[in-house]
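Trainee: Could we go through this model together, one question at a time? I would like to see how each value is reached.

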Amino acid sequence: MKAGATRLVHLSDLHFGLERADLVQPLFEAVEAAGPDLVVVSGDLVQRARKVQFIAARRFLDRLTAPWVAVPGNHDIPLFNLAGRLLWPFAGYRRHICADLAPGRRLRDLRIFGINSAWPLSWRGGIARRADIDRLCRELTEGAKDVTNILLFHHPMQEPPGFERGETIGAEAALPRLAAAGLHVILSGHLHRFDPGLFVTRDRTRPILQVQGATALCGRAGETAHGFAILDFDGPHLVVTPCPALDGPVRFGPAPPFRYSRAEGEWRLL
């Protein structure tokens with residue numbers, strides 16, 4: 001890591017309760033070796049919002065040396081307990097993970113804002129609630145201008161090609177408002193697919209860089225693309241290093257990094 005940079009590790013979709021047991025310790029060791037200033041977790045910490053699953057997820061997070069911040073995902077609310085889903089959907093998450101569903105953190109020249117996108121009325125889809133977007137836009141507008149503003153959000157604000165399911169209600173209207181207010185980066189998960197900078201290329205710029213996280217641990221049949229990402233922020237520059245799971249022996253290791261700059265106000269792949 002470059003001297004003066006701030007390092008985040010982005011985890012998503014841990015799915016404790018349906019985790020690949022052989023990946024848990026390698027994931028812990030890889031995150032520790034990365035030496036992040038902060039670990040950010042973009043939802044789906046557990047599979048079915050059960051107490052034992054939340055306890056396992058919290059135990060994993062509390063082992064980490066670095067501080068962490070998380071937001072809930074759609075799997076972090078009950079599925080089969082309909083009364084719990086409708087009347088107290090986040091009770092288990094609040095009790096075992098974090099009472100604040102929209103946590104914030106200031107870290108050097110980074111401001112991190114969490115928003116809860118989980119929606120009890122949809123088993124898979126999410127929502128960008130108008131009140132949350134209004135509040136975030138106000139905080140961005142009134143906040144410091146010499147920082148990088150980051151949103152932690154489980155559901156994608158935009159979906160990559162092949163995933164156009166429209167699962168995040170309100171996202172289409174929210175994205176231009178957030179860009180105008182001064183949001184720079186969105187860290188999300190949900191799709192179990194890694195994308196370091198959605199729709200940003202050497203020839204195509206965007207005011208917001210959307211980093212889509214893979215699943216770290218989900219053991220669902222057919223899951224093969226496990227991993228996490230290291231993000232090194234240095235002023236207007238960002239290096240995103242994917243760390244996929246590798247075989248023989250099972251471990252997580254760095255892949256070639258993606259380098260971005262917003263020196264001219266919009267992100268560009270270098």
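Mentor: Gladly! Helices (H or I, at least four residues) and strands (E, at least two) are DSSP runs numbered from the N terminus, and the expected span of a helix is 1.5 Å times one less than its number of residues. The model is predicted, so local features need pLDDT of at least 70 and side-chain atom pairs count only at pLDDT 80 or more, while totals for chains, interfaces and linings use all residues. Residues are numbered from 1 along each chain as its sequence is written, and side-chain values use heavy atoms, with hydrogens and water left out.

Trainee: How far apart are the end C-alpha atoms of helix α1?

Mentor: Helix α1 covers residues 21–34, which is 14 residues. At 1.5 Å a residue, its expected span is 20 Å. The model agrees with that, since the end C-alpha atoms are separated by 21 Å.

Trainee: How many helices and strands does the chain have?

Mentor: Counting the DSSP runs gives both numbers. The chain has six helices and 15 strands.

Trainee: What is the radius of gyration of the chain?

Mentor: The radius is taken over C-alpha atoms, and the globule rule is 2.2 Å times the number of residues to the power 0.38. For 270 residues, a compact globule would come out near 18 Å. The C-alpha trace spans about 50 × 45 × 35 Å along its principal axes. The chain agrees with the globule rule, with a radius of gyration of 17 Å.

Trainee: What share of the residues of the chain counts as buried?

Mentor: Buried means under 20% relative accessible area, exposed over 50%, and partly exposed in between, using a 1.4 Å probe and protein chains only. Of the 270 residues, the buried share is 57%.

Trainee: What share of the contacts with a separation of 6 or more comes from residues 24 or more positions apart?

Mentor: A contact means heavy atoms within 4.5 Å. Among contacts in the chain with a separation of 6 or more, the share from residues 24 or more positions apart is 71%.

Trainee: Back to helix α1: which elements do its buried residues pack against?

Mentor: The buried residues of α1 include Leu23, Leu27, Phe28 and Val31. Just after this helix, glycine 35 takes a positive phi of about 60 degrees. The packing partners of the buried residues are β1 (6–11), β2 (38–42), α2 (51–63), β11 (227–234), β12 (237–246) and β13 (251–252).

Trainee: Is alanine 21 buried or exposed?

Mentor: Alanine 21 lies in helix α1. Its C-alpha is 26 Å from that of phenylalanine 90, which is 69 residues away in sequence. With a relative accessibility of 64%, alanine 21 counts as exposed.

Trainee: What is the relative accessible area of isoleucine 208?

Mentor: Isoleucine 208 sits in the loop between β9 (185–188) and β10 (209–212). Leaving out residues up to four places away in sequence, it touches residues including Leu175, Leu183, Ile186 and Trp267. Its C-alpha is 4.6 Å from that of histidine 184, 24 residues away along the chain. Isoleucine 208 is buried, with a relative accessible area of 5%.

Trainee: What about backbone geometry: which residue in the loop between β1 and α1 is buried with a relative accessible area of 0%?

Mentor: Most residues other than glycine have a negative phi, and most peptide bonds are trans. The residue you ask about has a positive phi near 55 degrees without being a glycine. Its place is in the loop between β1 and α1. With a relative accessible area of 0%, the buried residue is histidine 15.

Trainee: Where does arginine 108 lie?

Mentor: Arginine 108 also has a positive phi, about 55 degrees, although it is not a glycine. Its place is the loop between β4 (104–107) and β5 (110–114).

Trainee: What is omega for the cis peptide bond between glycine 248 and proline 249?

Mentor: Proline 249 is found in the loop between β12 and β13. For the cis bond joining it to glycine 248, omega is about -10 degrees.

Trainee: Last one: which residues does glutamate 139 contact, leaving aside neighbours within four places in sequence?

Mentor: Glutamate 139 belongs to helix α5 (residues 130–142). At 29% relative accessibility, it counts as partly exposed. Its contacts outside those neighbours are Arg111 and Phe113.
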